[in-house]
Amino acid sequence: MSDELLRALRGAIRTVPDFPLEGIMFRDITPVLGDPGLMSGITKRFVRDMKRLGWRPEAVVGPEARGFIFAPLLAGHLGIPFIPIRKPGKLPADTICAEYSLEYGSNILEMHTDALNPGQKVVIVDDLLATGGTVGACAELCTAQGAEILGSLFVIELTGLGARKALSPIPVHALIEYPA
């Protein structure tokens, strides 16, 4: 199943040159989202891989926007909470924030101050790992609340941008890789 899943993922992911800026090879997951079998397969593969890695999370953290697609599916499958991390001004209660750099800019992320408990074990899930800025900000927010980050999961990793080194010591696991 895994090799078939990875082949199907590679076949479904569309590469869009020069989006959103010239020189960027954007990996578009929109076709993946339209395939219920692939979405289910990704969730099951994340579960299987976490078991193999020894990760037993008590919550799944996902950043806006595409982390909101994969993280809640995983959390629901595991029967544990999904913790949203959002762009500024989107969360209604007290928040903490972290600023981070993107492959082509910068941004700020926020999390409710009561989202996690000290010692709570979490995994961070997003669709794509590029520079590690988004997940680094998520990790900063989680550790500020005393959570223990078991690792980070991605559908796609863009290699050669130094994300794994930037996120160290947080373990990184991606289903497929593309050169940056």
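**Why the labels fit**

Guide: Let's start with Arg27, whose side chain makes a polar contact with the side chain of Thr15 at 2.6 Å. Keep in mind that this is a predicted model.

Visitor: What makes that Arg27–Thr15 pair a polar contact?

Guide: The distance between Arg27 and Thr15 is 2.6 Å, and the cut-off for a polar contact is 3.5 Å. The pair falls within that limit, so the label holds.

Visitor: Why does Arg27 count as buried?

Guide: Its relative accessibility is 12%, and buried means under 20%, so Arg27 qualifies. Arg27 belongs to strand 2, residues 25–28. Setting aside neighbours within four places in sequence, its contacts include Ile13, Leu128, Ile156 and Tyr178.

Visitor: How do you know that the charged end of Arg27 sits over the ring of Tyr178?

Guide: The charged end is 4.1 Å from the ring centre, and the distance limit is 6 Å. There is an angle condition too, within 35 degrees of the ring normal, and Arg27 is listed as sitting over the ring. Arg10 has its charged end over the ring of Tyr178 as well, 5.0 Å from the centre.

Visitor: On to the rings. Why is the pair of Phe19 and Phe26 called edge-to-face?

Guide: The structure holds 2 aromatic pairs. In the one made by Phe19 and Phe26, the planes are 85° apart and the centres 5.2 Å apart. Pairing needs centres within 6.5 Å, and edge-to-face needs an angle over 60 degrees, so both tests are passed.

Visitor: Which pair has 90° between the planes?

Guide: That's Phe68 and Phe82, at 5.5 Å centre to centre, also edge-to-face. Phe68 is in helix 4 (residues 67–78) and Phe82 in strand 4 (residues 82–85), so the pair ties together parts 14 residues apart in sequence.

Visitor: Why is Phe68 called partly exposed?

Guide: Its relative accessible area is 26%. Partly exposed runs between the 20% and 50% limits, so Phe68 fits. Phe82, with 26% relative accessibility, is partly exposed too.

Visitor: What makes the span of helix 3 close to the expected one?

Guide: Helix 3 covers residues 36–53, 18 in number, and reaches 26 Å from its first C-alpha to its last. The expected value at 1.5 Å a residue is 26 Å, so the two agree. At its start, a side-chain oxygen of Asp35 reaches to within 2.9 Å of the backbone nitrogen of Gly37. Just after the helix, Gly54 takes a positive phi of about 80°.

Terms used. Residues numbered from 1 in each chain as written. Predicted model: local features only at pLDDT ≥ 70, side-chain atom pairs only at ≥ 80, totals over all residues. Heavy atoms only, no water. Phe/Tyr/Trp six-rings, centres within 6.5 Å; stacked < 30°, edge-to-face > 60°. Helix = DSSP H or I, 4+ residues; strand = E, 2+ residues; numbered from the N terminus. Buried < 20%, exposed > 50% of the residue type's maximum accessible area, 1.4 Å probe, protein only. Polar contact = N/O pair within 3.5 Å; in protein donor to acceptor, adjacent residues only side chain to side chain. Contact = heavy atoms within 4.5 Å.
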